[in-house]
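Here is a colleague's note on this model, set out as numbered points. Please read each point with the structure open beside it.

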Amino acid sequence: MRIIFMGTPEFAVTALDAIKNSRHQIAAVVTTPDKERGRGRNVTFTPVKEYAVKNNIPVLQPEKLKDTIFLNELAILNADLFVVVAFRILPKEVYSLPPKGTFNLHGSILPKYRGAAPIQWSLINGDKETGVTTFFLEDKVDTGNIILCEKLEIADDDNFGSLHDKMAVLGSEVILKTIEMIEKNEYAVQQQDSALATGAPKITKETCLIDWTKPAIDIHNLIRGLAPYPGAFFTHKNKIIKIFKSAINTEAKLKPGEFYQTKNSLTVGCGSAALDIIEIQQEGKKVLSIDTFLRGYSFK
């Protein structure tokens, strides 16, 4: 089939690559406009655009998705199907264009974790299982009829980075299966039960702030869900300190927020139990193992 792919981050690139290396044809990719970043205001491409340019795939970068010129460009490309992975909210004028419809890949078992950060919230909430879901787009975000869903176990040592990569691979496989099902018209959609829906809102700075009065397991899961980016943090000596890896300590008897430091270790009291800090970063510095970090920093 002839496909237009819509996406922005690295998560979407794995799926784009899988489609490109299949028997299907990518007519174009649609991604967000280039941005100026850093002090030098250098223009940077999205990961999806970088991949498309390297592989000679036409790129569309509309400022407004209802723009007439953009809609005409899509129509002229005459695609059978639109595939969306981590992109903007599409208006009906866009997702209703292709004869085979438009489907989205979402990083959760819908209707659980509708929203921008499903992978992070599954870890933050301590889930043991997640998955990916493909569904046809409708006006309300992440509410469309489900085409295919496959589950994935969350390992105890998974963080956002490792789970993201596992789900990107699984997602690319599910996308190819979904394309085949749609091409052959061999699928039966399942309506989502909105009564079971939960949200996965965008991660904010407030989300990342550690509250030491919470149980150690909750803080540990927050750290997992925000590592390696953007990082769970607390402040000490007016500096932001981020934690990227921890372990639960049920033996230490410390008050919430109380530090116990040895030459090579750091333990922090929580609302229940405590946390051993394994990887840490001071504001403006590199991520370090705790023993290396403590050579030049004291919490006493």
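1. Strands β12 and β13 form a hairpin, with four residues between them. This is a predicted model, and the pairing described here should be read as a feature of that prediction. The two strands, of which β12 covers residues 259–261, run antiparallel and are joined by three bridges. Within this pair, phenylalanine 259 stands opposite valine 268 in β13.

2. Strand β13 also forms a hairpin with β14, again with four residues between the strands, and alanine 273 in that turn has a positive phi of about 65°. Strand β14 spans residues 274–282, and three bridges join it to β13 in the antiparallel sense. Here threonine 267 has aspartate 276 in β14 as its bridge partner.

3. Are the two faces of strand β13 covered or open? In a regular strand the side chains alternate between the two faces of the sheet. In β13, which comprises residues 266–269, both faces are covered, since Leu266 and Val268 on one side are buried, as are Thr267 and Gly269 on the other.

4. Elsewhere in the model, seven strands make up an open sheet in the order β5-β2-β1-β6-β7-β8-β9, and the pairing in this sheet is mixed. Its edge strands are β5 (59–60) and β9 (146–153), each of which pairs on one side only. Strands of a sheet pair through backbone hydrogen bonds, either parallel or antiparallel. One of the parallel pairs is that of β1 (residues 2–7) with β2 (residues 25–30), which extends over five bridges, and phenylalanine 5 stands opposite valine 29 in β2.

5. Which strands does helix α6 lie across? The helix, which is made up of residues 160–184, lies across β1, β6 (81–85), β7 (102–106), β8 (129–136) and β9, and it runs at about 150° to β9.

6. On the cysteines, a disulfide is taken here as a pair of cysteine sulfur atoms within 2.5 Å, and by this rule the count comes to zero disulfides. Cysteine 208 is in no disulfide, as the nearest cysteine sulfur, that of cysteine 270, is 17 Å away. Cysteine 208 is buried, with a relative accessible area of 4%, whereas cysteine 149 is partly exposed, with a relative accessible area of 30%.

Technical notes. Residues are numbered from 1 along each chain as its sequence is written. This is a predicted model: local features need pLDDT of at least 70, side-chain atom pairs count only at pLDDT 80 or more; totals for chains, interfaces and linings use all residues. Side-chain values use heavy atoms; hydrogens and water are left out. Buried means under 20% relative accessible area, exposed over 50%, partly exposed in between (1.4 Å probe, protein chains only). Two strands pair if DSSP finds at least two bridges between them. Contact means heavy atoms within 4.5 Å. Axes are lines fitted to C-alpha atoms, for helices over the stretch in contact, and angles run from 0 to 180 degrees between N-to-C directions.
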